[in-house]
Amino acid sequence: MTVTTMQPRSFMEAVREVGQYRSTAEAEAVTHTVLLALSAHLPATERAELTPLLPTEAILSAPLAPRPLTAREFVESVAPHIENATPATARWHVTSVLTALAQQLGAPQTARLLAQLPPGYALLFGLADLAAVA
């Protein structure tokens, strides 16, 4: 399944389930924050594929990150934008959203997305980071 065929409602349910959120509204808020931050690190073609999940104007108008962030820096950059998030809960939120995204995308598209990001992001997508072992 690709993002372009993914249904936003089913994706939100997947995020809610993975993250064990109490409400869809909570899952939506966290998802919006995480995907908006992720889009800042992706080229235009990858950004455009996230538009079914977030408002097009939000994704396309988000400024590109000035430099690639490590996975840890990415989580730290998201934390201030999630209500009451600590570093540990921010990692939970990021991992919940990105794991649900990986499940919805499937292996080939997730691999393509990860190829656009610095090493270390695979764990945030709920995948083994085999590159770190090599």
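What follows is a short exchange about helix α6 and its surroundings in a predicted model.

Me: Where is Ser96 found?
Reply: Ser96 is in helix α6, which covers residues 87-105.

Me: Why is Ser96 called buried?
Reply: Its relative accessibility is 2%. Buried means under 20%. Ser96 therefore counts as buried.

Me: What makes the link from the side chain of Ser96 to Trp92 a polar contact?
Reply: The side chain of Ser96 reaches the backbone oxygen of Trp92 at 2.7 Å. The cut-off for such a pair is within 3.5 Å.

Me: Which residues does Ser96 touch, not counting those up to four places away in sequence?
Reply: Val18, Gly19 and Tyr21.

Me: Why are α2 and α6 called roughly perpendicular?
Reply: Their axes cross at roughly 80°. Angles of 65 to 115 degrees count as roughly perpendicular, so the label applies to α2 and α6. The two axes also come within 9 Å.

Me: Which residues meet where α2 and α6 are in contact?
Reply: α2 brings Val30, Thr31, Val34, Leu35 and Leu38. α6 brings His93, Val94, Val97, Leu98 and Leu101. By type, eight are nonpolar, two are polar and none is charged.

Me: Which residues touch the most other members of the largest nonpolar core?
Reply: That core has 37 residues. Phe11, Leu38, Phe74, Leu98, Leu101, Tyr121 and Phe125 touch the most other members.

Me: Which helices each supply at least two residues of this core?
Reply: α1, α2, α5, α6 and α7 do. The largest share, eight residues, comes from α6.

Conventions. Residues are numbered from 1 along each chain as its sequence is written. This is a predicted model: local features need pLDDT of at least 70, side-chain atom pairs count only at pLDDT 80 or more; totals for chains, interfaces and linings use all residues. Side-chain values use heavy atoms; hydrogens and water are left out. Helices (H or I, at least four residues) and strands (E, at least two) are DSSP runs, numbered from the N terminus. Buried means under 20% relative accessible area, exposed over 50%, partly exposed in between (1.4 Å probe, protein chains only). A polar contact is a pair of N or O atoms within 3.5 Å; within protein, one must be able to donate a hydrogen and the other to accept it, and residues adjacent in sequence count only if both atoms are side-chain atoms. Contact means heavy atoms within 4.5 Å. Axes are lines fitted to C-alpha atoms, for helices over the stretch in contact, and angles run from 0 to 180 degrees between N-to-C directions. Angles under 35 degrees count as roughly parallel, over 145 as roughly antiparallel, 65 to 115 as roughly perpendicular and the rest as oblique. Ala, Val, Leu, Ile, Met, Phe, Trp, Tyr, Cys and Pro count as nonpolar, Asp, Glu, Lys and Arg as charged, and the others, Gly among them, as polar. A nonpolar core is a set of buried Ala, Val, Leu, Ile, Met, Phe, Trp, Tyr and Cys residues joined through side-chain atoms within 4.5 Å.
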